Amino acid sequence: MDIHRCRFVPYKPSAINAIAFSHPKTRSALHASLSRLAIGRANGDIEIWNPSNGTWNQEIVIPGGKDRSVDGLVWVNEPDQDIGDGRIAVGKSRLFSIGYTSTVTEWDLEKGVPKRHASGQHGDIWCMAAQPSASDKTGTGLEAQDSAKLIAGTIDGELVMYSIEDNDLRFQRVLVRSPTKKAQMVSITFQSRRIAIVGCSDSTIRVYDITKGHMLRRMTLGSDLVGGSKDIIIWSVKCLPGGNIVSGDSTGQVCIWDGKTYTQMQRIHSHKSDVLSLATSADGSSIFSGGMDRRTILYKQNTGSDNRWAKVWGRRYHEHDVKSMASFESGRLSVVVSGGPDANPVVIPLREMGRENHRIMSSLPQQPPLLSAADARFVVSWWEREVHLWVIRKSAADVFENGSEDVDINQNRKLLKTIVVKGDSNITSATISRDGSLLVVSTSTSVKAFKLQHQDPIKPVDVKLSTAQVPQKLANAGASKVQLSPDGRWLCVVQEASRVLIAEVISSEGPDASIAFQVQVHRLSRLRRNIPRYILNSGLGSYDRTITHVTFSADSKMIATSDLAGYIDTWVLRGSTEILQNGAKEEGDASSPSESDSSDEEDNRQAESSDRWVRNPNAKLFPKLPSSATVLSFSDDVPQAGDDVNDYTLLAITSSWDLLAFHPLQGSLTPWSRRHPRKALPAPVQDLLELAKGVVWQGSRAWIYGASFLLMIDLNQDLPKVTPESDSSETQMKQGTKRKRTGPNSGAGGRMEHGSLAPSHVQKHTAGEWEDVDMEEAPRPEDANSDDEMAENDGELAQLRKTNEASSNLEVTQTNGEHKSWWMTYKYRPIFGIVPLNKPDQPLEVALVERPTWDVEMPESYFSLEQWER
């Protein structure tokens with residue numbers, strides 16, 4: 001396989017402005033299964049992550065738009081209901097956001113679009129919090145109220161109320177009007193159902209009774225430090241379960257306030273600049289703070305009589321400000337997730353802080369916004385409202401065989417086109433035909449098609465761009481997914497996140513080739529799933545029926561889709577039914593009604609033609625996947641009449657790292673997949689924390705990649721059997737792979753090495769002055785008697801530094817001295833995506849696109865004498 005290692009795609013991850021968990025502390029396994037993490041970014045995108053079992057799967061991305069930003073996120077969970085027979089209807093989870101405007105937005109997670117907006121006669125909203133439910137009151141004698149409210153603070157010093165009862169969102173009234181507009185309301189939290197704590201920009205923390213609209217108390221921090229501004233900004237406020245209040249301000253101090261007398265109990269100066277974010281554990285025993293100095297600090301309460309708080313741990317996990325953080329505790333999971341302008345979410349252990357490593361999750365999308373038109377050697381990428389088209393002219397072998405020693409590989413690529421899509425909505429999906437003649441782009445409001453005329457293009461003028469007419473039912477409805485078939489004849493579109501449509505593309509050949517779409521669009525009905533109605537009307541509703549993957553077979557005669565619940569739906573082209581196995585018969589039109597789809601009568605009929613999409617007769621035999629699929633792809637093999645197994649191969653890789661290969665026409669697992677459950681995979685594969693992002697096929701070999709690894713598995717060969725000897729740490733280290741992690745973790749990184757609890761603050765005396773020593777850069781003491789430590793030093797990181805030895809050291813078991821059954825490397829990172837560039841009759845050639853963090857431009861960060869300037 002020839003690899004073009006590329007770094008020319010200027011994808012820029014957007015800064016993280018807001019982080020919120022739907023269930024910060026879960027009460028049952030049912031709530032844990034419905035818990036989601038929402039991350040709001042500066043470009044208006046909202047990402048929904050599933051923290052289940054520490055996999056941290058980025059399930060969907062709700063795209064933003066022009067001049068939009070998400071600066072605050074709030075989840076609201078309605079009360080659970082007991083409907084009898086031991087069944088519990090979990091309360092609906094609703095997500096709201098603000099963006100430094102006067103508007104509050106509620107999001108429809110089932111369709112991935114805004115659900116409703118509301119605004120009032122007030123200034124821009126800077127902070128927002130949800131009123132706690134009646135069951136969460138802290139023993140104040142307050143009578144239970146059925147209605148729920150959102151309380152927001154504005155730039156004009158106003159406190160406003162929004163009603164969210166009756167599944168609605170509307171502005172209700174202004175609770176408090178400031179006599180002057182000097183004080184902006186910057187942060188807000190609830191102490192009880194009727195008491196709101198608001199941090200302001202005029203050195204005050206104010207306590208409001210929202211039922212009466214009165215200010216109960218005003219706590220003052222005084223003036224800023226010498227040389228600072230006159231007023232102190234309270235960037236974050238939190239309440240502990242006992243009622244005490246925690247605040248972080250622009251002086252770098254964390255203050256503890258008595259929740260009954262509203263007086264200051266303690267002041268801790270722990271940051272060298274502003275404290276921007278706070279998080280607390282559910283039991284109130286731990287406090288985290290993140291600041292502009294990039295530090296994240298943990299505080300614990302002493303067990304003595306004074307019960308004072310003290311700093312016990314501090315590290316720099318981020319390359320920029322720590323702007324937002326939130327805690328999550330569910331079973332064995334106990335973490336804090338933080339983020340900021342460096343765009344990487346960081347998972348920090350909460351309960352196991354100091355005993356487990358942190359984990360930096362990639363800022364790159366789980367589903368790569370990267371495509372290729374292999375026959376034309378085009379590489380396509382998109383972000384926000386722009387689509388970029390490059391051409392890679394020659395293969396790697398041709399470049400170095402025909403050139404001199406001083407070959408400039410940058411001359412082998414050229415940016416041909418940059419297409420800016422009209423409208424305010426960001427791009428949700430894009431697809432390009434194999435010959436590069438048709439490009440289809442979708443947003444949440446429209447679907448657009450572009451015709452590309454070219455012949456061996458060298459410069460931008462060699463590609464002529466024109467628009468192609470899209471059927472009306474597609475053009476004005478938007479889509480979450482679009483996918484062209486390999487032969488360019490069919491366009492599959494997913495609308496409203498779960499509705500599958502198919503349109504035929506009619507193209508002519510010749511110099512004046514034209515491209516058009518059939519006017520009639522057909523709906524492909526999905527299988528009915530026996531999901532109780534009370535489940536569909538509770539929790540996240542039908543969110544888990546959101547389709548995340550669409551793929552065509554190599555001969556364009558079969559379509560497969562998968563959703564977040566783990567269900568796979570397949571359809572076949574009526575002209576290909578002669579290869580159906582087991583005597584299966586056609587099951588009727590693919591446009592038959594389904595439980596989750598509704599359409600006009602004409603959508604349920606297909607045109608009378610020889611080619612018609614029908615549901616795979618054996619689709620019902622597909623099992624539900626153990627978890628949602630992160631990769632779904634057909635191999636390049638096409639069923640032939642003389643084959644032993646006259647069927648396709650469909651590979652599904654789940655977020656729990658189950659590799660499942662199906663024969664879709666038979667509706668069964670392949671023999672290889674039956675012999676290789678998850679526990680039969682090599683230990684380094686089972687140990688992977690990163691999820692698979694995509695796959696490229698080379699015959700029976702599946703080249704699977706994630707953000708930090710490239711893995712090859714041959715589906716025609718059995719993997720070596722896992723034995724206690726081959727699974728030992730020593731053996732794994734000799735092979736240069738990651739050491740086997742033993743025991744469960746709390747959702748962040750693996751366990752720390754023995755003796756790694758080094759001091760976090762060390763000073764040295766030089767030239768009559770004390771200087772701080774950054775222990776993160778200092779070498780850690782090693783136990784010379786520990787074989788594990790010796791092995792670790794020569795393990796993965798050492799292999800990354802010795803790139804010439806990486807390939808040989810990371811090559812693993814061979815089968816009978818022939819082809820390897822599997823192979824893995826960590827040489828390429830972070831991987832943005834991998835796309836093929838070869839024609840079907842040529843050896844595999846791919847473009848591997850990396851996006852290193854040091855290539856990404858970030859805003860100017862905090863600088864002091866103790867830090868390097870960035």
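The legends below describe close-up views of salt bridges and cavities in a predicted model.

**View 1. The salt bridge between Arg194 and Asp209.** Among the 30 salt bridges that the structure holds, Arg194 pairs with Asp209, and the closest N and O atoms of the two residues are 2.7 Å apart. Because Arg194 lies in the loop between strand E16 (185-190) and strand E17 (195-200), while Asp209 belongs to strand E18 (residues 204-209), the pair ties together parts that are 15 residues apart in sequence. Arg194 counts as partly exposed, with a relative accessibility of 29%, whereas Asp209, at 3% relative accessibility, counts as buried.

**View 2. The salt bridge between Arg751 and Glu352.** In this pair the closest N and O atoms are 3.1 Å apart, and the two residues link distant parts of the chain, 399 residues apart. Arg751 sits in the loop between helix H7 (729-734) and strand E56 (762-766), and Glu352 in the loop between strand E30 (346-349) and strand E31 (359-360). The relative accessibility of Arg751 is 43%, so this residue counts as partly exposed, while Glu352, with a relative accessible area of 17%, is buried.

**View 3. The salt bridge between Arg526 and Asp569, both buried.** The closest N and O atoms of Arg526 and Asp569 are 3.4 Å apart. Since Arg526 lies in the loop between strand E44 (522-524) and helix H4 (533-536), and Asp569 in strand E47 (residues 568-573), the salt bridge ties together parts that are 43 residues apart in sequence.

**View 4. A network of salt bridges that share partners.** Glu78, Arg94, Glu106, Arg116, Lys149, Glu165, Asp168 and Arg170 are joined into one network through salt bridges with shared partners.

**View 5. The largest cavity.** A search of the whole structure finds five cavities of 30 Å³ or more, and the largest of them has a volume of about 170 Å³. It is lined by 15 residues, of which Trp49, Trp56, Ser362, Gln366 and Glu690 are the closest to its centre. By class, this lining divides into eight nonpolar, four polar and three charged residues.

**View 6. The second largest cavity.** This cavity, with a volume of about 50 Å³, is lined by Asn57, Gln58, Glu59, Gln366, Gln367, Thr548, His549, Leu564, Ala629 and Thr630. Two or more lining residues come from each of strand E5 (57-62), strand E45 (547-552) and strand E49 (629-634), and E5 gives the largest share, three residues. The lining has two nonpolar, seven polar and one charged residues.

Note on methods. Residues numbered from 1 in each chain as written. Predicted model: local features only at pLDDT ≥ 70, side-chain atom pairs only at ≥ 80, totals over all residues. Heavy atoms only, no water. Salt bridge = Lys/Arg side-chain N within 4 Å of Asp/Glu carboxyl O. Helix = DSSP H or I, 4+ residues; strand = E, 2+ residues; numbered from the N terminus. Buried < 20%, exposed > 50% of the residue type's maximum accessible area, 1.4 Å probe, protein only. 1 Å grid on protein atoms, 1.4 Å probe; cavity = no way out; pocket = protein on both sides within 12 Å on 5 of 7 lines; lining within 4 Å. Points joined across faces, edges and corners; volume = space filled by probe spheres on them. Nonpolar A, V, L, I, M, F, W, Y, C, P; charged D, E, K, R; others polar.
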